[in-house]
Amino acid sequence: TEAIGLYNVGLSCCLNSLLQVFLMNIHFTGILRRITVPPHAAEKRRNVPYQMLLLLEEMQCGKQKAVSPTALACCLSVYRVKLFVQHDAAQLFLTLWNLIKRQMKKPQLVEELNDLYTICVQEHLACQKCSSESKRNSSMLTLPLPVLDSSSHVLKTLEDCLQCFFHPEELTDHNMCFCEQCGRKTPFLQSMKLVHLPQTLTIHLKRFCFEKSADIHKLSHYLPFPQDLDFNAVLTENQCQADDNEKAAWKYELFAVVAHSGSTSCGHYCAYIRSLTECKWYCFNDSEVCQVSWDDVKCTYGHSNLHW
């Protein structure tokens, strides 16, 4: 009846935040509950979906305010997911997803998992000399949106970030590509077109840049995002490669935000998640969970002093 926290078992705030986002998604847990249970004890200890299912059941059956993800963390350590290090949420999300998908034995569940999370885009490359064009479809788990434009100016809204991601880019000078028709390197126009969006869309705001010293610098500027997002109102016809039925489903309600405070070398993660059964927002800060308002969630828009 209440949201349950996860104890921090060694700089595991990033892992805890991502697990809460997975396990609060009733569409994901509906798939997780139908996995094939490994027959042997040793296999059970090494199986990520099964350990996630055990953790979900412990969270739902227990009456304590938080449970420990130690068994799952030990399982992940077999696959080189380290404790006592600061993870990047987008990279860890991809690692978890690949492990879950690879260890689900039923093809139907793998297909459902793909439908739930996988994005499809089409990359276009057009030679500016002879107009020859190549197209390639690729799958993505997240939309990696820049928060700076090509001139390193700050983008003001999430919609601006989406427009920047799908805006055509000229590949010139040392970025030129080899054109088979021209027989040499020529300037190209590169563009991305949206083909398919999943039931649960994950957006990764790339809040980092490389300075001249080659150090990575975190970008914490204010960047608001809406509770509702309609891609048809943001992208143009030229930025989409889909029929009307596909595009009709490109409307989303915000479900969760994984937020980071601190620098690239030291910091803390927590998750703000809207319960799909109660339609209430909660802040999951390791073992501490509390109900919050939309105004509280807005603190994740970013600024120099982020406080949950």
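Which residue stands opposite Cys 283? In this predicted model, the residue facing Cys 283 is Cys 290, which belongs to strand E18. Let us start from that spot and work outwards.

Cys 283 falls within strand E17, which spans residues 281-285 and is joined to E18 by five bridges, the two strands running antiparallel. These two strands are part of an open sheet of four, ordered E15-E16-E17-E18 with antiparallel pairing. At the edges of this sheet you will find strand E15 (256-262) and strand E18 (288-292); each has a single partner strand, so one side of each is left without a neighbour in the sheet. From one strand to the next, the twist averages 20°. As a reminder, strands of a sheet pair through backbone hydrogen bonds, either parallel or antiparallel.

Follow the chain out of E17 and you come to the loop between E17 and E18, where Asp 286 is found. Asp 286 has a positive phi of about 55° although it is not a glycine. That deserves a second look, because most residues other than glycine have a negative phi. With a relative accessible area of 12%, Asp 286 is buried, since the cut-off for buried is under 20%.

Arg 80 makes a good companion to Asp 286. Arg 80 also is not a glycine, and its phi is positive at about 65°. Its place is the loop between helix H5 (70-77) and H6. Is Arg 80 buried or exposed? Arg 80 is exposed, because its relative accessible area is 77% and the cut-off for exposed is over 50%.

Now back to the sheet, and to what lies across it. Helix H1 (residues 13-23) lies across E15, strand E16 (267-274) and E17, and runs at about 10° to E16.

Further along the chain is helix H4, made up of 14 residues (48-61). From first C-alpha to last, H4 reaches 20 Å, close to the 20 Å expected at 1.5 Å a residue. Just ahead of H4, Asn 47 caps the N-terminal end of the helix, with a side-chain oxygen 2.9 Å from the backbone nitrogen of Tyr 50. Tyr 50 is one of the buried residues of H4, which also include Leu 53, Leu 56 and Met 59. An α-helix has 3.6 residues a turn, so residues three or four places apart point the same way. The buried set of H4 also takes in Val 48, Pro 49, Gln 51, Met 52 and Leu 55.

Finally, the aromatic residues. The count comes to 13 aromatic pairs. In one of them, the ring centres of Phe 93 and Tyr 117 are 6.2 Å apart and the planes stand at 70°, so this pair is edge-to-face. The pair links distant parts of the chain, with Phe 93 in helix H6 (residues 89-103) and Tyr 117 in helix H7 (residues 107-117), 24 residues apart. Phe 93 and Tyr 117 are both buried.

A further pair is formed by Phe 231 and Tyr 252, whose centres lie 6.1 Å apart with planes at 75°, so this pair is edge-to-face. Phe 231 lies in helix H9 (residues 231-234) and Tyr 252 in strand E14 (residues 251-253), so the pair ties together parts that are 21 residues apart in sequence. Phe 231 counts as buried at 0% relative accessibility, and Tyr 252 counts as buried at 14%.

Phe 93 and Tyr 117 also belong to one aromatic cluster, together with Phe 22, Phe 28 and Trp 97.

Key
Residues numbered from 1 in each chain as written. Predicted model: local features only at pLDDT ≥ 70, side-chain atom pairs only at ≥ 80, totals over all residues. Heavy atoms only, no water. Pairing = 2+ DSSP bridges. Axes fitted to C-alpha atoms, helices over the stretch in contact; angles between N-to-C directions. Contact = heavy atoms within 4.5 Å. Expected span 1.5 Å × (residues − 1). Buried < 20%, exposed > 50% of the residue type's maximum accessible area, 1.4 Å probe, protein only. Polar contact = N/O pair within 3.5 Å; in protein donor to acceptor, adjacent residues only side chain to side chain. Phe/Tyr/Trp six-rings, centres within 6.5 Å; stacked < 30°, edge-to-face > 60°.
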